[in-house]
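Work through the following exercises with the sequence and the coordinates at hand. Each one sets a task and then gives a solution in steps.

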Amino acid sequence: MSRMAKLELDGKSYELPIVEGTEKELAIDISSLRAQTGYITLDDGYGNTGSCSSAITFIDGDKGVLRYRGIPIEEIAGKSSFVETAWLVIFGHLPTIEDRERFSGLLTESSRLDESMRKHFEGFPPNGHPMAILSAMINALSTHEPVVIDDDRDLEEAAARLMSKVRTIAAASYKASVGEPIVYPRYDMKYVENFLHMMFSVPYRDYEPTPEVSAALNLFLALHADHEQNCSTSTVRMVASSQANMFASCSAGVCALWGPLHGGANVAVIEMLEQIRESGMPVSEYVAKVKDKQSGIKLMGFGHRVYRNFDPRSKILRKAADDLLASMKIHDPLLDLAQELADVALSDDYFVERKLYPNVDFYSGTILRAIGIPLNMFTVMFAIGRMPGWIANWKEIHDDPKGRIYRPRQVYVGHTGEHWMPREERHYDEED
Ligand code: CMC
């Protein structure tokens, strides 16, 4: 017998089922609330709303825990490549050797873009934002790709096509933006190495990444692979719930990821650090500005809706940044500055009381900078990494026989009792 929550409302008593997740997360199932009481719930920004049940990723924000399909992120980091992590996230368990080889083969075979797709790049202005190009090109992929998915084998092929072509599109959009010829993928290269080849090879010189660079990028992508119901993943699920295809749904995810409060924060962090360095402003002064609500400035790369503790990804990335820079014999003053900022913020009451800690975006930019990824491509890198999570969430919606279209309600607070007026009678006060 499941537990029930009691609700007293307008002198009547109602019972609502309590749902318990596999990690003992508790929720009140309000799906019958409106039918029973006539009320809806209001939760601006969805801070208290579970929009779905999902078996992909678990986060305990108070303890700083992140698990993909039950496996702690610390165990995955450095052991599973991005491709293996992607398979885990999408299909629910670590791939066997055969699964791994089949999926790698599919990724390799799918890496080329149809020639007509390549022509689209000519239509974008040279300084067009790579996130706009990525989203438009992923959507355009649905005009070329079969979008009917009946079973896991269809999905595996579609997932490989999307993940592989996204990497090719990202590199091609970069090449177009710097006026260099687009580089074709190589069939003898693995996922990450192939991406770096398409980004940095030129007709007269092949780019060969070091094992340290490949490992750091694999780690970066694997750590971004999924993060439960964030803004972009919820967007993907929202679009998917209308039975839109996987490419269209993931293209919408790219748009949601773009903003500086979400994936765009990895750009905003580097811009903030550069601004502090160039101005010569002491870190304590910058932190004081952040604390002054009138300034409208946030400490970018800090805070998270779910984590009220260290984001475990930021700890792993901090160490990875140190290791990569040491292996490349690079000293990046922005990493020192980031650490100084973190030290000051973490000992300041404002951040302590609000439980604001460094998030995934705080240190990731240092890794991307060291690899040579330009700043305007940082959020594209996040999108490449997040693709498996979006695909897995699309699959959950697609496979749910009881799935309904996502359709939140609202509390209307606009005008009431208005009537249409002829044009000559319309005179409004300034404040209207
Ligand atoms: N700097 C200064 N103050 C902050 C920050 C910050 N980075 N983040 C939150 N606060 C304050 C906020 O002003 C509020 O203060 P008060 O209680 O006095 O009104 C309090 O902390 C609670 O914050 P909130 O705005 O209610 O938190 P939220 O859950 O709505 O927002 C967030 C989460 C990530 C959007 C926010 O922390 C933020 O804007 N951080 C900076 C941007 C960033 O790094 N985004 C990346 C997030 S992680 C990766 C991803 O999602 O892509």
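Strands (E, at least two residues) and helices (H or I, at least four residues) are DSSP runs, numbered from the N terminus, and two strands pair if DSSP finds at least two bridges between them. The model is predicted, so that local features need pLDDT of at least 70 and side-chain atom pairs count only at pLDDT 80 or more, while totals for chains, interfaces and linings use all residues. Residues are numbered from 1 along each chain as its sequence is written, and side-chain values use heavy atoms, with hydrogens and water left out.

**Exercise 1. Determine the strand order of the sheet that contains β1, and state which strands stand at its edges.**

Solution. Begin with the pairing: the sheet is open, has 3 strands in the order β1-β2-β3, and is paired in the antiparallel sense. Next, consider the edges: β1 (4–9) and β3 (26–28) each have a single partner strand, so one side of each is left without a neighbour in the sheet. The twist from one strand to the next averages 30°, where axes are lines fitted to C-alpha atoms (for helices over the stretch in contact) and angles run from 0 to 180 degrees between N-to-C directions. Finally, look at the pairing of β2 (residues 12–20) with β3, which is antiparallel over 3 bridges; valine 19 stands opposite alanine 27 in β3.

**Exercise 2. Describe the sheet that contains β4, and then locate threonine 57 and its surroundings.**

Solution. This open sheet of 3 strands follows the order β4-β5-β6, again with antiparallel pairing. Its edge strands are β4 (57–60) and β6 (71–72), each of which has a single partner, so one side of each lacks a neighbour in the sheet. Between β5 (residues 65–68) and β6 the antiparallel pairing runs over 2 bridges, and tyrosine 68 has isoleucine 71 in β6 as its bridge partner.

Threonine 57 belongs to strand β4 and, at 11% relative accessibility, counts as buried (buried means under 20% relative accessible area, exposed over 50%, and partly exposed in between, with a 1.4 Å probe and protein chains only). Its side chain makes a polar contact of 2.6 Å with the side chain of aspartate 226; such a contact is a pair of N or O atoms within 3.5 Å, where within protein one must be able to donate a hydrogen and the other to accept it, and residues adjacent in sequence count only if both atoms are side-chain atoms. Leaving aside residues up to four places away in sequence, threonine 57 touches Leu66, Arg67, Tyr68, Asp226, His227 and Glu228, contact meaning heavy atoms within 4.5 Å.

**Exercise 3. How many salt bridges does a search of the whole structure find, and how exposed are the partners lysine 395 and aspartate 399?**

Solution. Taking a salt bridge as a side-chain nitrogen of Lys or Arg within 4 Å of a carboxyl oxygen of Asp or Glu, the search finds 20. The side chains of lysine 395 and aspartate 399 meet in one of 2.8 Å, N to O. Both residues lie in helix α18 (residues 378–399), 4 residues apart, about one turn of the helix. Lysine 395 is buried at 13%, whereas aspartate 399 is partly exposed at 43%. Elsewhere, salt bridges that share partners join Asp99, Arg102, Arg153 and Glu156 into one network.

**Exercise 4. Explain which parts the salt bridge between arginine 369 and glutamate 274 ties together.**

Solution. The two side chains, of arginine 369 and glutamate 274, meet at 3.3 Å, N to O. Arginine 369 lies in helix α17 (residues 360–371) and glutamate 274 in helix α12 (residues 265–279), so the pair ties together parts that are 95 residues apart in sequence. Arginine 369 is partly exposed at 30%, and glutamate 274 is partly exposed at 26%.
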